[in-house]
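Please open the model in your viewer and keep the selection panel at hand. We will go from stop to stop, with a note on what to select each time.

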Amino acid sequence: MDASNYLYISALLFTIGAVGVVVRRNAIVVFMCIELMLNAANLSFVTFSRINGNLDGQVMAFFTMVVAACEVVVGLAIIVTIYRSRRSASVDDASLLKR
Amino acid sequence: MTTSTSLIYLIALPLAGAAILLLGGRRTNKWGHLLGTAMSASSFGVGLYQLMLMLDRPTEQRPITQKLFEWIHVGDFQVDAGLLLDQLSICFVLLITGVGTLIHIYSISYMSEDKDRRRFFAYLNLFIAAMLLLVLGDSYLSLYVGWEGVGLASYLLIGFWNQKPAYATASKKAFVMNRVGDMGLSFAIMIAFATMGTVSFVGVQEQVNNTSEAALTAMGIMLLVAAAGKSAQFPLQAWLGDAMAGPTPVSALIHAATMVTAGVYLITRSNFVFDAAPTAQLVVVIVGAITLMFGAVIGTAKDDIKKALAASTMSQIGYMTLAAGLGPVGYAFAIMHLLTHGFFKAGMFLGAGSVMHGMNDEVNMRKYGALRKFMPITFVTFGLGYLAILGVPPFAGFYSKDLIIETAFDAGGAKGIILGITTLIGASITAFYMTRVMILTFTGTKRWDDDAHPHESPWLMWLPMAILAIGSVSSGYLLSRGDALENWLHPLFNHSDEYQKHLIEPIVVSAMALTMVSIGVAIAYFKYARREVPSVAPEDVSIFTKVARQDLMQDRFNEAVFMRPGQALTTTLVAADEAVVDGAVRGVGQVAMGSGSALRGLQNGYVRSYAAMILVGAIALIGAIWVVVQ
């Protein structure tokens with residue numbers, strides 16, 4: 001099978017994630033969309049690794065997973081805290097920094 | 001040259017007095033005036049002692065120096081703070097400390113009612129110290145320090161009663177006009193440094209022959225500007241009349257006897273410069289001649305006794321400047337007139353102070369009259385000073401002023417005739433206005449208000465007046481007997497060897513001078529003694545009187561020529577500053593603020609719009625890279 005199909009899927013996933021980040025208000029959904037974008041990037045890494053026949057892309061994908069895991073831990077903690085204090089998980093409500 | 005270690009005491013004693021009185025504050029109120037007087041008197045004592053030592057030495061060893069410390073040492077250029085006491089400085093030292101001490105004594109009584117008497121004595125001591133530094137400095141730079149010091153003391157003392165705004169303004173006026181002259185002195189020092197590489201008197205004298213005449217002329221003119229500022233000479237004369245706002249002892253000491261003669265000292269001290277620059281010398285003579293007429297004319301119209309005396313001071317210093325400009329023959333006569341003038345003018349100012357003291361500080365002579373009976377001692381001492389300034393033989397002015405008139409005629413040619421006639425007419429006008437002062441003040445009928453109770457001043461006041469009167473009588477004879485002062489100062493000046501014959505016999509000059517003086521006295525007598533003097537100055541007077549009453553328009557001239565254009569210039573500069581400089585600065589700020597508030601709309605606080613911006617940015621970047629790679 002042509003490896004470039006994986007890249008098309010990766011681009012599609014990234015676009016869905018990016019649009020989701022921009023248009024959705026719910027913090028959890030935005031968060032999931034970010035994960036989607038990260039994984040789209042991961043898919044590209046792995047595909048390129050396969051195309052080029054070396055392991056650099058695979059290594060980079062592992063790094064991305066570690067970072068994504070850490071980010072989930074911190075991000076969810078922030079979202080839970082914001083929800084507890086504001087009774088809302090909407091990212092538009094958390095706009096106090098502009099003042 | 002002989003060195004000494006004791007010259008510094010001359011300056012240190014009054015300086016210590018000033019420091020103690022100023023720093024000691026109210027604690028020294030009780031005995032401050034005594035300390036001030038003692039310091040001045042002991043400085044006079046040191047001066048006398050130095051004179052004794054100097055008389056014992058042979059002529060060529062008479063000047064002595066004292067190096068105080070290394071002041072400026074840069075590369076080859078070196079200035080030491082040093083003192084120089086020679087035949088010229090000692091004359092000034094004795095005049096300053098002698099007359100100064102007498103005026104200290106006088107002030108003890110004159111200022112006894114003033115709650116700030118201690119401060120007054122502190123300033124007087126400061127003045128004495130600064131003036132001594134001026135005449136003892138061995139370089140133009142040391143002189144400059146003293147020069148500024150006396151300017152400061154003069155400012156502080158003119159504005160001593162600065163609770164009156166007019167007096168404070170007068171002190172500022174004197175200070176600012178002196179500043180103009182000080183610029184001249186600093187330029188002269190810069191010229192000396194640039195062309196000769198030295199600023200000491202000895203160094204400049206040695207370098208004169210290696211210096212171009214143009215540089216020397218420029219330096220001479222700048223020195224003259226300095227002298228004009230300090231000595232109230234044309235065209236920087238306008239401050240002296242207003243300087244009479246100070247207490248009368250100050251007018252006597254600073255604005256008659258000592259400080260205002262500093263300009264004559266400067267010219268005489270720089271004789272080597274002027275001898276080598278005939279153009280500068282000619283300008284000195286012209287300035288002296290103009291000022292002597294200028295002051296004399298103002299003196300005829302003033303009703304304020306102190307201002308009349310101030311105008312007379314201006315005129316007499318004009319005589320000295322004129323003599324100093326006449327070259328080697330004139331220097332000694334300038335100094336002689338300076339010394340005799342120090343006696344009689346200080347004496348007359350103290351007399352004026354005594355009259356004011358008895359008349360509730362009234363200064364308008366039209367409110368005096370017939371004071372001879374009430375103030376006999378003041379009348380006699382003032383009268384002796386009057387005879388001295390007129391040049392009646394054998395009083396002091398006869399010797400000194402006649403010598404100047406003779407020297408003026410001896411200048412030869414048209415110059416000599418013009419100068420001689422100017423000095424003769426000046427002498428006549430001097431006789432007129434001084435007789436007017438005498439008649440208005442001491443004779444005639446009483447014109448004072450009923451609440452004035454004229455009385456003779458206490459002995460602390462008349463004793464200095466009496467001593468100065470003795471000086472007014474005898475100093476001329478003593479200084480000119482056997483050409484004493486001339487021979488004393490002879491080694492300092494560059495004399496041509498051949499004997500100069502008088503163009504007009506001295507006896508003829510004296511006769512002419514006395515005739516002119518008699519005419520002046522006679523006019524004043526018929527104008528003021530034979531007629532009733534109105535106690536309010538008449539308004540229907542000739543245009544000349546009106547102009548003279550306004551100091552010959554000197555203030556109007558300064559206002560029109562310097563003040564208004566200066567104000568216009570500053571107004572323009574302020575406008576330009578606001579429009580251009582401030583405009584640029586504010587413009588930058590406004591651009592930053594405007595763009596900031598425009599861009600602030602982007603910072604809306606919504607995470608999603610930030611994310612969208614990042615996305616757009618990333619797409620734009622990728623697009624740009626794609627375009628470039630293609």
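Start by selecting B:Thr571, which lies in helix α23 (residues 554-600) of chain B. Helices here are DSSP runs of H or I with at least four residues, strands are runs of E with at least two, and both are numbered from the N terminus. B:Thr571 is exposed, as 10 other C-beta atoms lie within 10 Å. The cut-offs are these: a residue is buried if 20 or more other C-beta atoms lie within 10 Å of its own, exposed if 12 or fewer, and partly exposed in between, with C-beta atoms placed from the backbone. Now add B:Val508 to the selection: B:Thr571 and B:Val508 are 63 residues apart in sequence and 59 Å apart in space, C-alpha to C-alpha.

A word on what you are looking at: this is a predicted model, in which local features need pLDDT of at least 70 and side-chain atom pairs count only at pLDDT 80 or more, while totals for chains, interfaces and linings use all residues. Residues are numbered from 1 along each chain as its sequence is written, and chains are lettered from A and ligands numbered from 1 in the order in which they are written. The mean pLDDT (the predictor's confidence in each residue, from 0 to 100) of chain B is 87, and 99% of its residues reach 70 or more. The model scores ipTM 0.82 and pTM 0.78.

**Chain B as a whole**

Show all of chain B. You will find 24 helices and three strands, and a C-alpha trace that spans about 115 × 65 × 55 Å along its principal axes. Of the 630 residues in chain B, 50% are buried.

**The sheet**

Next, select residues 2-3, 64-74 and 77-85 of chain B, which are β1 and β2 and β3. Together the three strands form an open sheet in the order β1-β2-β3, with mixed pairing. The edge strands are β1 and β3 of chain B, each of which pairs on one side only. Strands count as paired if DSSP finds at least two bridges between them.

- β1(B) and β2(B) run parallel and are joined by two bridges. Look for B:Thr2, whose bridge partner is B:Ile64, and for B:Thr3, which stands opposite B:Thr65.
- β2(B) and β3(B) are antiparallel, over nine bridges. Here B:Gln66 stands opposite B:Leu83.
- In the hairpin of β2(B) and β3(B), two residues lie between the strands, and B:Gly75 takes a positive phi near 60 degrees.

**Two loops with cis peptide bonds**

Most residues other than glycine have a negative phi, and most peptide bonds are trans. The next two loops are worth a look with that in mind.

Go to the loop between α8 (213-231) and α9 (239-242) of chain B, where B:Pro235 is found. A cis peptide bond joins B:Phe234 and B:Pro235, with omega about 0 degrees. B:Ala232 lies in the loop between α8 and α9 too, and its phi is positive, near 55 degrees. B:Ala232 counts as buried, with 31 C-beta neighbours inside 10 Å.

Then move to the loop between α16 (376-390) and α17 of chain B, the place of B:Pro394. B:Pro393 and B:Pro394 are joined by a cis peptide bond with omega about 5 degrees.

**Helix α17 and the core**

Select residues 396-410 of chain B: the 15 residues of α17 should span 21 Å at 1.5 Å a residue (1.5 Å times one less than the number of residues), and the end C-alpha atoms are 22 Å apart, which agrees. Is α17(B) enclosed or open? Of its 15 residues, 14 are buried, so α17(B) is largely enclosed by the rest of the structure. Just after α17(B), B:Gly412 takes a positive phi of about 85 degrees.

Now pick B:Phe127, B:Leu132 and B:Ala346, the residues with the most contacts inside the largest nonpolar core, which has 195 residues. Such a core is a set of buried Ala, Val, Leu, Ile, Met, Phe, Trp, Tyr and Cys residues joined through C-beta atoms within 7 Å.

**Chain A**

Finally, select residues 27-52 of chain A, helix α2, whose end C-alpha atoms are 37 Å apart, in agreement with the 38 Å expected for 26 residues. Its buried residues, among them A:Val30, A:Phe31 and A:Leu38, pack against α1 (4-23) and α3 (56-86) of chain A. A:Gly53 follows α2(A), with a positive phi near 70 degrees.

Key. Two residues are in contact if their C-beta atoms, placed from the backbone, lie within 7 Å.
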